[in-house]
Amino acid sequence: MLERYLGIDVGAETVKVAELTVDGGDLRWTARHRLEHHSQPGPQLLCQLGDLDWENVSGASVTGRLGRLLTLPRIPIKQAQSVGHRHLHGETEVTIVSIGSHGFSVLEILPEGTDQFRQNSRCSQGTGNFLRQLVERFQLSVEEASELCEDVEDPAPLSGRCPVILKSDMTHLANRGECRAGILAGLYDAVCENVFVLVKPTSSPPLVRMIGGVGRSRRIRSTFGQLLERRGLELAPPNEDDELFYEALGCAVLASEAQQRPPVLACLLGEPEQNCFEEVPALAEFLAMVDRRPAAPVAAVRGDDQRLVVGYDIGSTGSKAVALDVENREIVWQGYVNTNGDPVAAAHGLTRELLAGPAGGCAVMAVGTTGSGREIAGSLLASCFGGESVFILNEIAAHAAGALHYDPDVDTIFEIGGQDAKYVRLEQGRVIDAAMNEACSAGTGSFIEEQGKKFADVENVVQLGEQALSACGGASLGQHCSVFMAEVIDECVAA
């Protein structure tokens with residue numbers, strides 16, 4: 001019978017499988033497979049392995065962040081990378097730089113078993129998952145963003161510091177009208193600089209190989225190659241998609257050496273780990289405490305002699321606008337568009353929608369703008385309506401005025417925006433205190449949206465909220481750093 005050995009890498013977002021076949025006494029790499037598991041690694045993997053004739057596999061082993069789900073010999077990442085490299089390139093000394101979905105590392109392949117391994121701290125800056133989240137704010141994939149910025153010569157100045165602060169910097173640059181390609185180039189370069197910290201130019205082997213999906217980006221490879229060249233190191237060219245499967249390949253090699261038959265497919269997934277997460281009551285239990293007010297009705301436009309005031313909120317992820325009748329303050333029009341990292345286009349789109357409707361023939365007496373894109377939107381609107389008629393307001397004042405319009409007795413406002421969360425305290429209609437999150441994004445709309453996208457059956461935050469309200473209970477995720485909270489979410493899903 002043909003001897004076949006599988007190596008499996010179950011990562012935070014993808015599953016990779018490498019197959020080796022014994023051919024004339026040698027191991028030949030005969031197949032490779034990669035799929036996104038959408039937070040369901042077990043079912044996705046069972047389906048994939050069933051298609052690979054699992055019952056006739058001679059041996060298998062596993063590695064990766066979620067490798068504990070399988071009843072197979074588990075291989076440490078460092079060992080899997082080392083064995084995978086040596087299978088492809090022999091005992092050549094090399095520095096392997098890996099950028100994965102939730103982490104990055106440097107492995108120095110050295111003689112006589114003295115390999116050195118270093119990996120990032122628990123911060124997500126520099127990881128593939130973080131890069132994906134940020135480029136999706138511009139409605140781009142990682143590959144599309146890489147292509148857009150690969151030849152930019154003047155990238156935006158972004159530092160490789162805390163990912164949440166970097167996200168805020170990118171949003172502010174976009175809302176000031178900076179070139180999107182330049183912002184993305186600055187992001188990719190910041191990722192390279194952050195990963196490069198783990199390389200030790202004076203002691204690391206001068207030949208460097210970059211593995212992992214992020215390493216396929218031309219911008220990443222070009223920038224990282226330049227950083228290496230300045231310190232006397234060299235980045236090896238890629239070999240098709242071999243660099244995606246180093247860990248899986250190493251596991252397959254080790255499985256061939258172990259000569260241990262794997263369990264049948266039905267027994268491949270281990271017993272579910274006991275849920276050790278603190279449970280919290282169901283959200284539905286608290287609905288009686290919520291007074292959810294219906295949306296204000298939109299009144300009909302009476303005629304072209306009607307006078308209006310228009311307000312714009314150009315936010316980091318969504319942009320809104322309303323038109324009020326000057327006399328009775330009734331809403332006669334409202335609109336919403338996604339900002340998509342382009343506040344000018346968002347303001348243009350809202351204005352076109354306003355002018356195309358019944359309210360378009362009315363006189364606009366004044367315009368107010370708020371949100372993170374208020375400055376650039378205000379400049380644009382001033383060219384349309386005149387500088388004396390346009391007022392740029394901070395979000396605290398705008399929140400207070402809007403809340404008082406509906407309830408003159410309101411004294412506390414909590415707002416969860418795409419990029420930040422705010423608290424406002426009012427007394428007799430005046431703002432006396434206000435605060436907002438300074439760095440962490442764990443309590444913001446963009447973080448909620450990004451985490452919801454990990455689930456295959458969740459399309460948007462509305463659906464995510466509906467599922468949350470229908471749950472009979474929940475797991476406590478803590479109230480700490482967004483990166484740590486994302487890790488807890490992954491662990492909850494896997495358990």
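Buried denotes a relative accessible area under 20%, exposed one over 50%, and partly exposed the range in between (1.4 Å probe, protein chains only). The model is predicted, so local features need pLDDT of at least 70 and side-chain atom pairs pLDDT 80 or more, whereas totals for chains, interfaces and linings use all residues. Residues are numbered from 1 along each chain as its sequence is written, and side-chain values use heavy atoms, with hydrogens and water left out.

Two residues that are not glycines have a positive phi, as tabulated here.

| Residue | Phi | Loop | Relative accessible area |
|---|---|---|---|
| Gln 139 | about 60° | between α3 (128–136) and α4 (142–149) | 53%, exposed |
| Gln 259 | about 55° | between α8 and β10 (279–280) | 53%, exposed |

Helices (H or I, at least four residues) and strands (E, at least two) are DSSP runs, numbered from the N terminus.

Thr 95 belongs to strand β5 (residues 94–99) and counts as buried, because its relative accessibility is 0%. A polar atom of the Thr 95 side chain lies 2.9 Å from the backbone oxygen of Pro 205. Beyond neighbours within four places in sequence, Thr 95 is in contact (heavy atoms within 4.5 Å) with residues including Val 106, Glu 108, Ser 204 and Arg 209.

Helix α2 (residues 77–89) packs against helix α8 (residues 246–258) at an angle of about 85°, with the axes 7 Å apart. The two helices are therefore roughly perpendicular, a term for angles of 65 to 115 degrees. Among the contacting residues are Ile 77, Val 83 and Leu 88 of α2 and Tyr 246, Leu 249 and Val 253 of α8.

Methods. Axes are lines fitted to C-alpha atoms, for helices over the stretch in contact, and angles run from 0 to 180 degrees between N-to-C directions. Angles under 35 degrees count as roughly parallel, over 145 as roughly antiparallel, 65 to 115 as roughly perpendicular and the rest as oblique. A polar contact is a pair of N or O atoms within 3.5 Å; within protein, one must be able to donate a hydrogen and the other to accept it, and residues adjacent in sequence count only if both atoms are side-chain atoms.
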